[in-house]
Amino acid sequence: MNMTDYKVRTETEQDIDFLWEMLYQAIFMAEGEIKPSREILNQPEIFKYLCNWGRQGDIALIAMDSSEKPVGAIWIRLFDETNKTYGFIDKNTPVLSMAVVPEYRGQGVGTLLLNEMLRKAKNSGFFSLSLSVDPKNPALHLYERHGFVKVGINGTSWDMMTTLDNKYKIEGLR
Ligand SMILES: CC(C)(COP(=O)(O)OP(=O)(O)OC[C@H]1O[C@@H](n2cnc3c(N)ncnc32)[C@H](O)[C@@H]1OP(=O)(O)O)[C@@H](O)C(=O)NCCC(=O)NCCS
């Protein structure tokens with residue numbers, strides 16, 4: 001499929017099951033590792049990425065193919081010291097998660113979603129985004145290309161962060 005056939009839209013209430021499925025698909029398995037069952041979504045460390053979706057600061061975008069079938073998702077969520085997750089930096093920096101349906105990977109959908117989210121997060125007034133990624137995950141290059149830099153290590157994963165150029169808001173020019 002041609003890239004122009006993919007579109008990105010804001011999520012609606014109907015997308016919540018798809019977001020949970022994309023959370024499952026976002027769990028990184030190194031080559032040779034067995035994929036866990038979907039029960040893993042109930043583990044507190046995983047569950048907190050999407051539970052009670054719709055909190056202040058929650059933003060999700062859905063990529064669709066030309067038949068409007070959802071093929072990928074990206075979302076950001078704020079955490080705090082008492083409720084943090086992998087990739088947490090501070091309470092003003094949303095943590096980003098993303099996944100593309102396996103058959104649709106490697107066609108630019110992830111790049112499209114990430115570009116849209118960087119724009120949307122900036123327009124929503126955020127100054128930075130963070131995430132957690134296994135350095136063996138090819139997604140690392142996607143993040144590096146979009147300005148994310150390593151700011152820490154947590155177990156086998158890297159915490160990464162990017163700043164969003166929000167200087168107009170900082171200087172109060174808007
Ligand atoms: C990471 C992911 C969201 C990227 O989406 P995508 O649509 O495949 O991305 P693009 O086609 O825009 O390609 C961007 C990068 O994704 C990676 N990628 C491409 N195909 C991939 C595939 N089949 N599997 C894993 N990563 C792939 C590559 O690093 C590529 O960058 P490159 O140009 O350096 O090769 C997607 O591959 C995915 O869902 N992977 C599994 C879930 C995951 O790892 N999520 C991130 C958790 S931190």
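This report describes the ligand site and one aromatic pair in a predicted model.

## Basis of the model

The model is predicted, and local features need pLDDT of at least 70, side-chain atom pairs count only at pLDDT 80 or more, and totals for chains, interfaces and linings use all residues. Residues are numbered from 1 along each chain as its sequence is written, and side-chain values use heavy atoms, with hydrogens and water left out.

## The shell around the ligand

The ligand is surrounded by 21 residues, where a residue counts if one of its heavy atoms lies within 4 Å of the ligand. Val100, Gly108, Gly110, Thr111 and Pro138 are the closest. By type, the shell has 10 nonpolar, nine polar and two charged residues; Gly is counted as polar.

At least two shell residues come from each of α1 (16-26), β4 (95-100), α3 (109-123), β5 (128-133) and α4 (139-145). Helices (H or I, at least four residues) and strands (E, at least two) are DSSP runs. The largest share, five residues, belongs to α4.

## Polar contacts of the ligand

Polar contacts are pairs of N or O atoms within 3.5 Å. A polar side-chain atom of Thr111 is 2.5 Å from a ligand oxygen atom, and a backbone N or O atom of Gly106 is 2.8 Å from an oxygen atom of the ligand. A polar backbone atom of Met98 lies 2.9 Å from a ligand nitrogen atom.

## An aromatic pair

Four aromatic pairs are present, with ring centres within 6.5 Å. The rings of Tyr6 and Tyr104 have centres 6.3 Å apart and planes at 85 degrees, so this pair is edge-to-face (over 60 degrees).

How values were computed: A polar contact is a pair of N or O atoms within 3.5 Å; within protein, one must be able to donate a hydrogen and the other to accept it, and residues adjacent in sequence count only if both atoms are side-chain atoms. Rings of Phe, Tyr and Trp (its six-membered ring) pair if their centres lie within 6.5 Å; planes under 30 degrees apart count as stacked, over 60 as edge-to-face and the rest as tilted.
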